[in-house]
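Could you walk me through this protein in my viewer, one selection at a time? I would like to know what to pick next and what I will find there.

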Amino acid sequence: MQQHYFLGIRIPSDVQPLAEKYMELHMLPDRYKVVTHQDDLHITLFYLGACDERKISKLVTKLRSVAAEHQPFSIQVDGFNFFGPSTGPRVTYLSVTKNLMLDRLQKSISDAVKSVTGLPSSDRFVPHITIAKKRKTDERLDLSPDLFNPHTIQVDHFHLFAIHPQQLPKYKPIASFQFGHDC
């Protein structure tokens with residue numbers, strides 16, 4: 001099977017207690033097949049899927065230029081939410097406050113990926129930190145969104161991750177892109 005990749009922002013370990021709170025509160029490990037390992041917490045900026053080494057090499061060069069055009073910024077993790085019905089959502093996550101700098105970064109990355117790989121860019125970007133996905137029970141849940149005092153995270157780089165589904169952690173950074181540095 002060909003190696004799969006994505007571009008994302010790794011979330012620092014001080015966010016893990018927020019994820020654990022909701023995992024325990026809603027018994028997510030008992031109800032979901034995939035519970036995110038603490039070292040795998042991230043915000044996906046672009047999912048590449050299978051990609052050959054030649055395109056990855058070109059993309060890394062392009063992404064270094066993208067990173068050089070951006071300055072560090074901060075984001076805020078502000079709540080618990082989900083995709084799908086509250087009785088059985090397919091994904092539960094920590095939400096991220098709307099952020100213009102993050103949106104601009106994602107758009108720049110999306111444009112770079114499209115120029116190198118031809119993959120279509122998505123106009124829909126909902127930044128989030130997945131904590132559990134893929135239901136393993138049919139049990140009816142009664143989840144509701146929950147806001148909490150925003151937790152600030154400094155963002156000064158992003159990564160190209162290789163996905164290793166059979167390992168923990170699953171996501172291995174293979175390239176890092178520091179903002180404001182033309183390498």
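Below is a tour of the sheets, the helices packed on them, the largest pocket and two backbone details. Keep in mind that this is a predicted model.

**Stop 1: the four-stranded sheet**

Start by selecting β1 (4–10), β3 (42–50), β8 (157–163) and β9 (171–178). Together they make an open, antiparallel sheet, and reading across it you meet β3, β1, β8 and then β9. β3 and β9 are the edge strands; each has a single partner strand, so one side of each is left without a neighbour in the sheet. From one strand to the next, the twist averages 25°.

Now zoom in on the pair β8 and β9. These strands run antiparallel and are joined by seven bridges. To see one bridge pair, select A162 and its partner in β9, K172. As background, strands of a sheet pair through backbone hydrogen bonds, either parallel or antiparallel.

**Stop 2: two helices on that sheet**

Keep the sheet on screen and add α3, residues 53–68, which packs on it and touches β1, β3, β8 and β9. The direction of α3 makes about 40° with that of β9. Next add α4, residues 100–117, which also packs on the sheet, with contacts to β1, β3 and β8. The direction of α4 makes about 10° with that of β3.

How do the two helices meet? Two packed helices are described by the angle between their axes and the distance between the axes. Here the axes of α3 and α4 come within 9 Å and cross at roughly 145°, and the crossing is right-handed. To see the contact, show side chains for K55, K58, L59, K62, L63 and V66 on α3, then S108, I109, A112, V113, S115, V116 and T117 on α4. Colour these by class and you will find seven nonpolar, three polar and three charged residues.

**Stop 3: the five-stranded sheet**

Hide the helices and turn to another open sheet, built from five antiparallel strands in the order β2-β6-β5-β4-β7. Its edge strands are β2 and β7 (146–155), each pairing on one side only. The strand-to-strand twist in this sheet averages 25°.

For a closer look, select β4 (residues 73–83) and β5 (residues 91–96), an antiparallel pair joined by six bridges. Within that pair, N81 stands opposite Y93. Then bring in α1, residues 16–25, which packs on this sheet and touches β2, β4, β5, β6 and β7. Its direction makes about 150° with that of β7.

**Stop 4: the largest pocket**

Switch on a surface for this stop. Rolling a probe the size of a water molecule over the atoms shows where empty space is left. The largest pocket holds about 1000 Å³ of space. Which residues should you select to find its centre? Of the 34 that line the pocket, H42, T44, Y47, H128 and K133 are the closest to it.

Then colour the lining by element: β1, β2 (32–35), β3 and β6 (128–135) each give two or more residues. β3 gives the most, with five. By class, the lining comprises 16 nonpolar, twelve polar and six charged residues.

**Stop 5: two backbone details**

Most residues other than glycine have a negative phi, and most peptide bonds are trans. Two places here go the other way. First, select L168 and P169, which are joined by a cis peptide bond with omega of about -10°; P169 sits in the loop between β8 and β9. Then select M27, which is not a glycine yet has a positive phi of about 50°. You will find M27 in the loop between α1 and α2 (28–31).

How values were computed
Residues are numbered from 1 along each chain as its sequence is written. This is a predicted model: local features need pLDDT of at least 70, side-chain atom pairs count only at pLDDT 80 or more; totals for chains, interfaces and linings use all residues. Side-chain values use heavy atoms; hydrogens and water are left out. Two strands pair if DSSP finds at least two bridges between them. Axes are lines fitted to C-alpha atoms, for helices over the stretch in contact, and angles run from 0 to 180 degrees between N-to-C directions. Contact means heavy atoms within 4.5 Å. A crossing is left-handed if the near helix is turned anticlockwise from the far one by less than a right angle, and right-handed if clockwise. Ala, Val, Leu, Ile, Met, Phe, Trp, Tyr, Cys and Pro count as nonpolar, Asp, Glu, Lys and Arg as charged, and the others, Gly among them, as polar. On a 1 Å grid over the protein atoms alone, a cavity is a set of points where a 1.4 Å probe fits but cannot get out, and a pocket is an open set with protein on both sides within 12 Å along at least five of seven lines; lining residues have an atom within 4 Å of a point. Grid points are joined across faces, edges and corners, and a volume is the space filled by probe spheres set on the points.
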